[in-house]
Amino acid sequence: MSPTDPNHFPKDPARPHDGHHPRASLHALVLSGSSRSGSVNARLAALVATEVGKAGVVAEPAAIGDFPMPMYDGDTEAGEGLPAGAEELCKRIEAAQALIIASPEYNASVPGVVKNAVDWVSRYRPQPFKDKQTLLVSASPSMVGGNRGLWALRVPLEHLGARVYPDMFSLANAHHAFTEVGALSDPALGQRLTETVGSFLDLVEADTRYLCLQRRWYEFLGDRTDAPVTARAQD
């Protein structure tokens with residue numbers, strides 16, 4: 001069923017999903033920013049993908065290691081173009097209605113491999129991050145749960161036009177936070193993750209149905225799609 005089919009979505013714009021209308025035509029790319037064996041962010045990404053599926057949206061799990069690419073270099077791009085891994089990641093982002101990234105925190109910032117992927121994708125046209133509904137989550141053994149890295153990751157993503165969801169989820173003390181079956185051992189944290197993912201997907205669905213939202217996410221007064229002053233990298 002097409003998202004444009006009037007029977008696919010409820011009529012009340014205040015309730016983009018009422019539990020009766022299927023969301024099966026929507027899909028989210030759930031990207032782990034770590035491919036390390038035993039990574040807590042890979043475990044969190046798997047749990048988020050499960051939550052996405054429970055909400056009726058198709059989840060497409062992936063890891064940053066699925067898209068091999070060299071460190072960004074302008075000479076490499078000029079001589080060889082985008083590497084195959086970067087092109088594939090661009091296509092996956094373009095095909096999804098939503099992007100969810102589970103990113104580690106390295107030295108209170110973004111891991112180099114994640115930033116490198118963002119830099120390569122930023123060279124693609126049309127820009128895949130532009131207007132992409134994006135949710136950021138993280139897991140860390142620290143007591144801040146990787147939150148500082150997520151704030152750093154927001155900057156390049158929003159600069160490229162991604163609509164980064166205001167609420168982020170950071171899992172602290174992550175090495176002890178999962179049960180044997182991959183759920184969160186703290187029921188309250190599990191409930192918060194479910195609600196965060198669910199609210200984000202409500203927005204994704206609303207953005208798909210209510211086209212007026214596509215031109216209403218501005219950074220500052222006067223920021224318009226056709227305004228020369230906003231001709232940033234996302235254009």
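**Reading the labels in a predicted model**

Q: How do you know that the span of helix H1 (residues 40–54) agrees with its 15 residues?
A: At 1.5 Å a residue, helix H1 should span 21 Å. Its end C-alpha atoms lie 21 Å apart, so the two values agree. The model is a predicted one.

Q: Which residues of H1 are buried, and what covers them?
A: Buried here means under 20% relative accessible area. Val40, Asn41, Leu44, Ala45, Leu47, Val48, Ala49, Glu51 and Val52 of H1 are buried. Their cover includes strand E1 (27–32), E2, strand E3 (98–102), strand E4 (133–139), E6 and H6.

Q: What makes helix H3 (residues 84–95) roughly perpendicular or roughly parallel to helix H4 (residues 112–121)?
A: The helices pack at an angle of about 80°, with their axes 9 Å apart. Angles of 65 to 115 degrees count as roughly perpendicular. Therefore H3 is roughly perpendicular to H4.

Q: Which residues make the contact of H3 with H4, and how do they divide into nonpolar, polar and charged?
A: H3 brings Ala86, Leu89, Cys90 and Ile93, while H4 brings Ala117, Trp120 and Val121. Seven are nonpolar, with no polar and no charged residues in the contact.

Q: How many aromatic pairs are there?
A: Rings pair if their centres lie within 6.5 Å. By this rule there are two aromatic pairs.

Q: Why is the pair of tyrosine 72 and tryptophan 120 called stacked, tilted or edge-to-face?
A: Its centres are 4.8 Å apart and its planes stand at 75°. Planes over 60 degrees apart count as edge-to-face, so this pair is edge-to-face. Tyrosine 72 sits in the loop between strand E2 (58–63) and helix H2 (74–80), and tryptophan 120 in helix H4, 48 residues apart.

Q: What makes tyrosine 72 and tryptophan 120 buried, exposed or partly exposed?
A: Tyrosine 72 has 31% relative accessibility, so it counts as partly exposed. Tryptophan 120 has a relative accessible area of 0%, so it is buried.

Q: Why is the pair of tyrosine 165 and phenylalanine 200 called stacked or edge-to-face?
A: The ring centres are 5.6 Å apart and the planes meet at 70°, so the pair is edge-to-face. This pair also links distant parts of the chain. Tyrosine 165 is in the loop between strand E5 (163–164) and strand E6 (169–171). Phenylalanine 200 is in helix H6 (residues 187–209), 35 residues apart from tyrosine 165.

Q: Why does tyrosine 165 count as buried or exposed, and phenylalanine 200 likewise?
A: Tyrosine 165 has 14% relative accessibility, so it counts as buried. Phenylalanine 200 is buried too, at 0%.

Q: What makes asparagine 107 buried or exposed?
A: Its relative accessible area is 79%, and exposed means over 50%, so asparagine 107 is exposed. The residue is in the loop between E3 and H4. Its phi is positive, about 50°, although it is not a glycine.

Q: Why is asparagine 173 called buried, exposed or partly exposed?
A: At 36% relative accessibility, asparagine 173 counts as partly exposed. Its loop runs between E6 and H6. Phi of asparagine 173 is near 50°, a positive value.

Q: What makes the peptide bond from arginine 125 to proline 126 cis or trans?
A: Omega is near 0°, and the bond is cis. Proline 126 lies in the loop between H4 and E4.

Definitions and conventions: Residues are numbered from 1 along each chain as its sequence is written. This is a predicted model: local features need pLDDT of at least 70, side-chain atom pairs count only at pLDDT 80 or more; totals for chains, interfaces and linings use all residues. Side-chain values use heavy atoms; hydrogens and water are left out. Axes are lines fitted to C-alpha atoms, for helices over the stretch in contact, and angles run from 0 to 180 degrees between N-to-C directions. Helices (H or I, at least four residues) and strands (E, at least two) are DSSP runs, numbered from the N terminus. Angles under 35 degrees count as roughly parallel, over 145 as roughly antiparallel, 65 to 115 as roughly perpendicular and the rest as oblique. Contact means heavy atoms within 4.5 Å. Ala, Val, Leu, Ile, Met, Phe, Trp, Tyr, Cys and Pro count as nonpolar, Asp, Glu, Lys and Arg as charged, and the others, Gly among them, as polar. Rings of Phe, Tyr and Trp (its six-membered ring) pair if their centres lie within 6.5 Å; planes under 30 degrees apart count as stacked, over 60 as edge-to-face and the rest as tilted. Buried means under 20% relative accessible area, exposed over 50%, partly exposed in between (1.4 Å probe, protein chains only). The expected span of a helix is 1.5 Å times one less than its number of residues.
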